[in-house]
Amino acid sequence: MNIAVYPGSFDPCTNGHLDVIQRASKIFDKVIVAVLCNSRKTPLFSAEERIELIIKITKEVPCVEVITFSGLLVDCMKKNNAKIVIKGLRAVSDFEDEFQMALTNRKLCNDLETLFIPTSAEYMFLSSSIVKEVASYNGDLTGLVPDELIPVIKSRFGFC
Ligand code: PNS
């Protein structure tokens, strides 16, 4: 079975993330979305909430599983019997960090490969941080995140 892991903070999952999940699901037998739960950043949503939100928006996408992980990604990969890491690439500015992470992961586990999926053009500017910035000023989140997430994110900032 061809299993890929798509790791990230997903705080929250954006339309750009969802696009990568949908496209990866056409390539692999199973796509495991792995939500990092021990980030140094204080998240807007708990790991459990992020999982719940990703499950909600991927219910129509075949062969997606959502998990949390802490510690090293390579350990999560081994535990889930996966050899491919999926990463979305938005712009050249992403590349340096992503390349460093890919090489580090490969150094830690020689038979891992990182597969970069270029973002769809309409999501090139999009990130979870941008979503939180717009939401914090009660801005319009249409097109930035799946519609089901809009009220959840708005209410987290005290808007309804
Ligand atoms: O959505 P993010 O915050 O850009 O995702 C970053 C993530 C979770 C992919 C990265 O921080 C990660 O893999 N963390 C696990 C720790 C690890 O394995 N570090 C070594 C590789 S540099």
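A pocket here is an open set of points, on a 1 Å grid over the protein atoms alone, where a 1.4 Å probe fits and protein lies on both sides within 12 Å along at least five of seven lines; its lining residues have an atom within 4 Å of a point. A volume is the space filled by probe spheres set on the points, which are joined across faces, edges and corners.

The model in front of you is predicted, so local features need pLDDT of at least 70 and side-chain atom pairs count only at pLDDT 80 or more, while totals for chains, interfaces and linings use all residues. Residues are numbered from 1 along each chain as its sequence is written, and side-chain values use heavy atoms, with hydrogens and water left out.

## The largest pocket

Let us start with the open space. The largest pocket holds about 1200 Å³. It is lined by 40 residues, and those closest to its centre are Pro7, Gly8, Ser9, Glu98 and Met101. Helices (H or I, at least four residues) and strands (E, at least two) are DSSP runs, numbered from the N terminus. Several of these elements supply at least two lining residues each: β1 (3-8), α1 (15-25), α3 (73-79), β4 (84-89), α4 (92-108) and α5 (128-136). The most generous contributor is α4, with eight residues.

What is the chemical make-up of this lining? It divides into 15 nonpolar, 16 polar and nine charged residues. In this count Ala, Val, Leu, Ile, Met, Phe, Trp, Tyr, Cys and Pro are nonpolar, Asp, Glu, Lys and Arg are charged, and the others, Gly among them, are polar.

## Parallel strands

Now to the strands, where two count as paired if DSSP finds at least two bridges between them. β1 and β2 run parallel and are joined by six bridges; in this pairing Val5 stands opposite Ile32 of β2. Between them the chain passes through α1, giving a right-handed β-α-β crossover. Right-handed means that, with the strands pointing away from the viewer, the path from the first strand over the helix to the second runs clockwise.

On to the next pair: β2 also pairs with strand β3 (residues 64-69), in the parallel sense and over six bridges. Here Val31 faces Val64 in β3. The route from β2 through α2 to β3 is a right-handed β-α-β crossover.

How much of β2 is buried? Six of the seven residues of this strand (residues 30-36) are buried, so the rest of the structure largely encloses it. Buried means under 20% relative accessible area, exposed over 50%, and partly exposed in between (1.4 Å probe, protein chains only).

## Salt bridges

The whole structure contains eight salt bridges, each a side-chain nitrogen of Lys or Arg within 4 Å of a carboxyl oxygen of Asp or Glu. Here are some of them.

| Pair | Closest N to O |
|---|---|
| Arg156 and Glu49 | 2.7 Å |
| Asp111 and Lys83 | 3.5 Å |
| Arg106 and Glu113 | 3.5 Å |

Arg156 pairs with Glu49. Arg156 belongs to helix α6 (residues 150-156) and Glu49 to helix α2 (residues 47-57), so their bridge ties together parts that are 107 residues apart in sequence. Arg156 is partly exposed at 35% relative accessible area, and Glu49 is partly exposed at 25%.

Asp111 pairs with Lys83. Asp111 sits in the loop between α4 and β5 (113-118) and Lys83 in the loop between α3 and β4, so this pair links parts 28 residues apart in sequence. Asp111 is partly exposed at 45%, as is Lys83 at 42%.
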